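Work through the following exercises with the sequence and the model side by side, and attempt each task before reading its solution.

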Amino acid sequence: VTKEKVKQMDEYKVSAIHTHSSPTDIYLSKSSNGEKNWDRMYAYELKSAYTNYNGMALIVGCSSFKNTGLNTWADATSKANVRGGTTADWTKVYGRTFINKYFSSMGSGNTAAYANNYAAGSTGPKLTLLGNTGFKL
């Protein structure tokens, strides 16, 4: 995915990114200028493009929501009804499994909070969800 595509997150009711991250930047699989096979994007770049008050935005990556202050992913997606991210490092496999279970639960009509608990099971880490955790698809 490119920076341009990430900047369109607010055009969708649900958007999720699963990648390497920190609270302020993420790594993308495609370069915006074609000069390399990856790119780096900063939260402040998304914040200026995220103008719609809608839906759910998830940044699932290492410590994406460890900090929630200015120019973080939590800040950049603050116009979403509910937003979420991780506060610790998740393995790639755990992240993929979590996302599949999370959206399976949401697709069954459950809230974001319920889906978060369901996907984590009794011992796994959960997303930090901010905003309307009663959000449903």
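**Exercise 1.** Does Trp90 count as buried or exposed, and at what relative accessibility?

Solution. The model is a predicted one, in which local features need pLDDT of at least 70 and side-chain atom pairs count only at pLDDT 80 or more, while totals for chains, interfaces and linings use all residues. Residues are numbered from 1 along each chain as its sequence is written, and side-chain values use heavy atoms, with hydrogens and water left out. The scale for accessibility is set as follows: buried means under 20% relative accessible area, exposed over 50%, and partly exposed in between, with a 1.4 Å probe and protein chains only. Trp90 has 11% relative accessibility and therefore counts as buried, whereas Tyr94, at 22%, is partly exposed.

**Exercise 2.** Classify the aromatic pair that Trp90 and Tyr94 form.

Solution. Rings of Phe, Tyr and Trp (its six-membered ring) pair if their centres lie within 6.5 Å, and planes under 30 degrees apart count as stacked, over 60 as edge-to-face and the rest as tilted. The structure holds six such aromatic pairs. In one of them, Trp90 and Tyr94 lie 5.0 Å apart from centre to centre with 80 degrees between the planes, an edge-to-face arrangement. For Phe98 and Tyr102 the centres are 5.9 Å apart and the planes stand at 25 degrees, so this pair is stacked. Phe98 and Tyr102 are both buried. Ring pairs link Trp90, Tyr94, Phe98, Tyr102 and Phe103 into a cluster.

**Exercise 3.** Which parts of the chain does the salt bridge between Lys3 and Glu45 tie together?

Solution. A salt bridge is a side-chain nitrogen of Lys or Arg within 4 Å of a carboxyl oxygen of Asp or Glu, and by this rule the count comes to three. Helices (H or I, at least four residues) and strands (E, at least two) are DSSP runs, numbered from the N terminus. The side chains of Lys3 and Glu45 meet at 3.2 Å, N to O; because Lys3 lies in helix α1 (residues 3–6) and Glu45 in helix α2 (residues 43–47), the pair ties together parts that are 42 residues apart in sequence. Both Lys3 and Glu45 are buried.

**Exercise 4.** Describe the salt bridge that Arg40 forms, together with the accessibility of its two partners.

Solution. Arg40 pairs with Asp25, and their closest N and O atoms are 3.1 Å apart. Arg40 belongs to strand β3 (residues 39–42) and Asp25 to strand β2 (residues 25–28), 15 residues apart. Arg40 is partly exposed at 33% relative accessibility, whereas Asp25 is buried at 7%.
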